[in-house]
Amino acid sequence: MNELGLHFNLLISAILFCIGVAGVLTRKNTIVIFMCIELMLNAVNLTLVTFSVYLNNINGQIFVFFVMAVAAAEAAVGLAIILSVFRNFLTVESDEVAELAG
Amino acid sequence: MSPAELAAASPLIITATGACLVLLLEVLGFSSLIRNFVVICTFVLCLLTSFRLGDFNDVVFSGSLFSDSLTMIYFAAISLAGLFTYLISFKALKGEGVTSGAETDSLFLFSTAGALLLVSAANFITLFVGFELLSLSVYALSGSALKQKASSESAMKYFIMGSFSSAFLLYGLALIYGATGFISYAEIAAVIPSIRSQLIILGVLLIMFGFSFKVSLVPFHVWTPDVYQGAPTSVTAFMAVVVKLAAFGAFLRLFSYCFSDPILFESWSKVGWLLAVLSMTVGNVLAIQQKSIKRMLAYSSIAHAGYVFIGFLALGQNGGGEAATYYLLAYSFMSIASFGLVSLISNNTKEQYDMDSIASYRGLGEKKPLYALLLTIVLIALSGMPPLIGFIGKFFLFTVAHEAGYTGLAIVAAINSVISLYYYLNIIVQMYFTKDENASAKSELGSEEMIKQQVQMSIPKFVVILCTLLIIVFGLYNRPLYLAAELAFR
């Protein structure tokens, strides 16, 4: 991969990461927020793979496998939590789930 | 497997095996007593095996785990804190609506395993996996009271904020990998002085961001009060102690070992200064107006994280790491004791509504003299008054801050300790000098139920009394704790 390809890929992944951040900060639906977090993780995966290919170093790609496995575990725990929230509040909109406040 | 490898891995193997064993025992239909016994044995074995780590000064498993005195001190602290919080959670969890015993037991162990992995990590992959194992288990634990609205809300908030922050941490790790081409701490530390790249600075700042979320430094603290209030009290204790110990341990290791380059320090120390000042001030000021004691303790834990962070600015020659470790160890005892007492008191009053409101502590000095006395000692220690443990911790931190040239920071911290006196003393005043108006309206428990509860509460009570005694003893004679902190950074 040449310099141009490196910069292009890094830019794409940075944009994807920012879209994820913007989504988490602006959306109200918990499932959508959760999807945005996954988008952030995958943007990082793209960064890691880009660097790995550019540097000709396998560590980055091994890291990506770990990130994917962790993201799957996170999805399992996250969806279970969202389900338990839905059972208690009958909604997954984050601004309606507001029992706790001081 | 070499002896160092076996020593480094055995606490991890023990906790992970214990966690699986607990689930297996539940499936096979063993009673909860055996399960509790297995969990306690696991914590004790983990504690005993962690002492062997200090014999080696090594990086094992092809550069993925540390086996040295820093890991030893943090392993011992984490497994002891895990044991104590587990003992506090005894029977108390059921009173707070946690129905599943085996799952919470195994989650306690899994998150301890994650905490150990996080502290001993020597490369970025282990760091990330440990961070996530710890986080995911604690998200699930904080939502373990399935039928309670507050519990599931706190789990959701913790989950969203936590995974948001870990994505930032991960991005930071990826950028540093890209700039240096390495993922292990030792190699990165070796090449950082020769690479002057903006990517490294950005990466370090993103990693700081991720860790600040986990240890709840302002402005990344917004989740803390809600989560601490909503989660079952013993889980809150676990979050305040084990999660903080592990995150600060890994954070300290990363910044004292991997990013210790002086020019790099220049670039993040200003941000660090701001984080410490904001955390102390915002934490202490907002704690004043809280109505719920758990919320108040949450804000006070934000302030305490700010105090610990002072140590980061004086890492290296100045002894900041030692002071931060000392303060963390001291804070762990105080935190276990305070949350344990909150759990005991709210379980005893038997009132489901506003169990943890500060108003319900009125007249406690008459009704429950022992608890009131213990809570008084713990709160005084938290406020940092001599001769208790909190005073010496603060003294060390302020001294190292001054020696490293951060006199202004030490002054801000001292002013903050004075502010914190107000809300700690407020509770003591409520307990001893305020009469409870509707005292007669309370339903007294039947004598038989009372005795049954007394027996169930004896273990948490013992733990709380032990912690309070240690607060006094280590306050008067601080040598052992100081030696431990010093050993960590030898």
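The following legends describe close-up views of a predicted model.

Local features are reported at pLDDT of at least 70, side-chain atom pairs count only at pLDDT 80 or more, and totals for chains, interfaces and linings use all residues. Residues are numbered from 1 along each chain as its sequence is written, chains are lettered from A and ligands numbered from 1 in the order in which they are written, and side-chain values use heavy atoms, without hydrogens and water.

**View 1. Chain B as a whole.** Chain B has 21 helices and two strands, where helices (H or I, at least four residues) and strands (E, at least two) are DSSP runs numbered from the N terminus. Its C-alpha atoms fill a box of roughly 75 × 55 × 40 Å along the principal axes. The radius of gyration of chain B is 22 Å, which agrees with the value near 23 Å for a compact globule of 490 residues; the radius is taken over C-alpha atoms, and the globule rule is 2.2 Å times the number of residues to the power 0.38. Buried residues form 64% of the 490 in chain B, buried being under 20% relative accessible area, exposed over 50% and partly exposed in between (1.4 Å probe, protein chains only). Of the contacts in chain B between residues at least 6 apart in sequence, 81% join residues at least 24 apart, a contact being heavy atoms within 4.5 Å.

**View 2. Packing of helices H2 and H3 in chain A.** Helix H2 (residues 30-55) of chain A packs against helix H3 (residues 59-89) of chain A at an angle of about 175°, with the axes 9 Å apart. Axes are lines fitted to C-alpha atoms, for helices over the stretch in contact, and angles run from 0 to 180 degrees between N-to-C directions. H2(A) and H3(A) are therefore roughly antiparallel, the class for angles over 145 degrees (under 35 is roughly parallel, 65 to 115 roughly perpendicular, and the rest oblique). Residues of H2(A) in this contact include Phe34(A), Leu41(A) and Val49(A), and those of H3(A) include Phe63(A), Val67(A) and Leu79(A). By class, the contact has 15 nonpolar, five polar and two charged residues; Ala, Val, Leu, Ile, Met, Phe, Trp, Tyr, Cys and Pro count as nonpolar, Asp, Glu, Lys and Arg as charged, and the others, Gly among them, as polar.

**View 3. The loop between H2 and H3 of chain A.** Asn56(A) is placed in this loop. Although not a glycine, Asn56(A) has a positive phi of about 55°, and its relative accessible area of 72% makes it exposed. Most residues other than glycine have a negative phi, and most peptide bonds are trans.

**View 4. The loop between H9 and H10 of chain B.** Ser216(B) is found in this loop, with a positive phi near 50°. At 0% relative accessibility, Ser216(B) is buried. Pro219(B) also lies between helix H9 (198-214) and helix H10 (224-230), and the peptide bond from Val218(B) to Pro219(B) is cis, with omega near 5°.

**View 5. Surroundings of Lys294(B).** Lys294(B) belongs to helix H13 (residues 293-310) of chain B and is buried at 4% relative accessibility. Leaving out residues up to four places away in sequence, Lys294(B) touches residues including Glu96(B), Tyr228(B) and Asp356(B).

**View 6. The segment after helix H21 of chain B.** Arg490(B) follows helix H21 (479-488) and is exposed, with a relative accessible area of 73%. The C-alpha atoms of Arg490(B) and Leu70(B) are separated by 8.3 Å, with their positions 420 residues apart along the chain.
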